[in-house]
Amino acid sequence: VQLQAFGGGLVQPGGSLRLSCAASGSIFTINIMGWYRQAPGKQRELVASLTNSGKSNYADSVKGRFPVSRDRNTLYLQMNSLKPEDTAIYFCSCIAAGTDDYWGQGTLVTVSS
């Protein structure tokens, strides 16, 4: 499985961005897809995930602001009401065939006035 993330950029506080993650290859084996982020000097953390059955999971810091969705082979993260503390590199990831994890390249999101 290959993952490619798009959509990062510079946005003002309170603004919105939408990240996309396009999956290719053996996408029929994907069980769960998700977004992670890593801010400078911090560990990578889960932002949101979505299973094939439609179950979503969110970090407390983004609940109600960052809905995650999927359309066929593309995972989306709609980021609303962005805050400076959301600044990070965002990574797309998936688990396929039950145990294999894959990562896409990161996309930088900067929230600043």
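In this predicted model, the side chains of Arg37 and Glu45 are joined by a salt bridge in which nitrogen and oxygen lie 2.7 Å apart. The two partners differ in their exposure: Arg37 has a relative accessible area of 6% and is therefore buried, since this value falls under 20%, whereas Glu45, at 34% relative accessibility, counts as partly exposed. Arg37 also forms a salt bridge with Asp86, and here the closest N and O atoms are 3.0 Å apart. This second pair brings together distant parts of the chain, with Arg37 placed in strand S4 (residues 30-38) and Asp86 in the loop between strand S8 (74-79) and strand S9 (88-96), a separation of 49 residues. Both Asp86 and Arg37 are buried.

These pairings belong to a wider arrangement, as Arg37, Glu45, Arg65 and Asp86 are linked in a network of salt bridges. In general terms, side chains of opposite charge can pair when their charged atoms come close. A search of the whole structure finds four salt bridges, including one between Asp60 and Lys63, for which the closest N and O atoms are 3.1 Å apart. In contrast to the buried pair of Arg37 and Asp86, both Asp60 and Lys63 are exposed. Across the protein chain there are 10 positive and 7 negative side chains, and the centres of these two sets lie 4 Å apart.

The protein chain contains 11 strands and zero helices, and when it is read along the sequence the pattern is β-β-β-β-β-β-β-β-β-β-β. The radius of gyration of the protein chain is 13 Å, close to the 13 Å that the globule rule gives for 113 residues, so the chain is as compact as a globular protein of that length. Taken along the principal axes, the box filled by the C-alpha atoms is roughly 40 × 25 × 20 Å. Of the 113 residues in the protein chain, 38% are buried, and the chain exposes about 6100 Å², of which carbon and sulfur atoms supply 49%. Among contacts between residues at least 6 apart in sequence, 52% join residues at least 24 apart.

Two further residues illustrate the surroundings of individual positions. Ser49 lies in strand S5, which spans residues 45-51, and with a relative accessible area of 9% this residue is buried, because the cut-off for burial is under 20%. When its neighbours within four places in sequence are left aside, Ser49 is in contact with Ile32, Met33, Gly34, Lys55, Ser56, Asn57 and Val68.

Gly15, by comparison, is placed in the loop between strand S2 (9-11) and strand S3 (17-24), and its relative accessible area of 18% is also under 20%, so Gly15 counts as buried. Apart from neighbours within four places in sequence, Gly15 is in contact with Met79, Asn80, Ser81 and Leu82. The C-alpha atoms of Gly15 and Tyr58, which are 43 residues apart along the chain, are separated by 20 Å.

How values were computed:
Residues numbered from 1 in each chain as written. Predicted model: local features only at pLDDT ≥ 70, side-chain atom pairs only at ≥ 80, totals over all residues. Heavy atoms only, no water. Helix = DSSP H or I, 4+ residues; strand = E, 2+ residues; numbered from the N terminus. Buried < 20%, exposed > 50% of the residue type's maximum accessible area, 1.4 Å probe, protein only. Contact = heavy atoms within 4.5 Å. Rg over C-alpha atoms; globule rule 2.2 N^0.38 Å. Areas by Shrake-Rupley, 256 points an atom, 1.4 Å probe, with all protein chains shown as cover. Lys, Arg positive; Asp, Glu negative; His and termini not counted. Charge placed at Lys NZ, Arg CZ, Asp CG, Glu CD.
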